[in-house]
Amino acid sequence: MKKFLLPLLFLFLFLAESLFVQFFPGNVFGGKVIVPHFLFAALVFLTIFTGKKQGIIYAAIFGMIFDIVYVEIIGIYFFLFPFICYIVTKIMHSMQSNIIIAFLVSIFAIALLEIGVYEMNFLIHVTDLDFMGFLNLRFYPTLILNAVFVLIFGYPLKRRFEKYADALRDE
């Protein structure tokens with residue numbers, strides 16, 4: 001039963017992002033585009049507190065699911081989720097795995113994800129929004145929302161993933 005808790009947690013976060021967008025439309029936030037990355041923040045925490053292998057595998061799986069369900073172009077999130085989780089593992093080699101560093105690294109990872117998605121969409125002409133417009137309309141509000149999410153749920157995620165890492169070591 002315990003081995004199904006982690007995929008269920010990620011599935012719940014995947015659905016929570018959709019529900020957040022459904023119940024908090026853009027006009028509530030003054031016309032700003034706010035994108036929840038709850039699933040990705042949890043994937044970054046998994047990568048930090050459990051390990052590279054688990055983080056990248058789950059990132060690839062949920063990146064593909066994210067592409068299939070939400071995006072017209074398959075591959076953007078399937079590539080970016082595991083790639084950024086890999087970058088997180090390289091960053092964490094030189095830092096301690098505590099909650100403050102995890103918070104900062106997860107916000108950095110979400111920023112990389114947002115910029116990567118914007119640049120890909122700009123490159124293939126899905127958007128014609130200039131970079132400064134992107135920063136003001138979508139980037140800063142998205143970082144604020146996800147920082148609040150990580151502040152609230154970071155510690156419970158850390159504890160859950162540390163227990164999961166201990167269970168993996170005991171097997």
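**Salt bridges, helix packing and the largest pocket**

The count of salt bridges comes to three, taking a salt bridge as a side-chain nitrogen of Lys or Arg within 4 Å of a carboxyl oxygen of Asp or Glu. The model is predicted, so local features need pLDDT of at least 70 and side-chain atom pairs count only at pLDDT 80 or more, while totals for chains, interfaces and linings use all residues. Residues are numbered from 1 along each chain as its sequence is written, and side-chain values use heavy atoms, with hydrogens and water left out.

One salt bridge joins the side chains of Arg-138 and Glu-114, at 2.6 Å from N to O. Arg-138 sits in helix α6 and Glu-114 in helix α5, so this pair ties together parts 24 residues apart in sequence. Helices here are DSSP runs (H or I, at least four residues), numbered from the N terminus.

Helix α6 (residues 131–170) also packs with helix α1 (residues 5–23), at an angle of about 170° and with the axes 12 Å apart. Axes are lines fitted to C-alpha atoms over the stretch in contact, and angles run from 0 to 180 degrees between N-to-C directions. That makes α1 roughly antiparallel to α6 (angles over 145 degrees). On the α1 side, Leu-5, Leu-6, Leu-9, Phe-10, Leu-13 and Phe-20 meet Leu-145, Phe-149, Leu-157, Arg-160, Phe-161 and Tyr-164 of α6, with contact meaning heavy atoms within 4.5 Å. The residues of this contact split into eleven nonpolar, no polar and one charged.

Then there is the largest pocket, an open set of points on a 1 Å grid where a 1.4 Å probe fits, with protein on both sides within 12 Å along at least five of seven lines. About 610 Å³ of space lies in the largest pocket. Its lining (an atom within 4 Å of a point) has 23 residues, and Val-35, Val-71, Tyr-77, Val-117 and Arg-138 are the closest to the centre.

How values were computed:
Helices (H or I, at least four residues) and strands (E, at least two) are DSSP runs, numbered from the N terminus. Angles under 35 degrees count as roughly parallel, over 145 as roughly antiparallel, 65 to 115 as roughly perpendicular and the rest as oblique. Ala, Val, Leu, Ile, Met, Phe, Trp, Tyr, Cys and Pro count as nonpolar, Asp, Glu, Lys and Arg as charged, and the others, Gly among them, as polar. Grid points are joined across faces, edges and corners, and a volume is the space filled by probe spheres set on the points.
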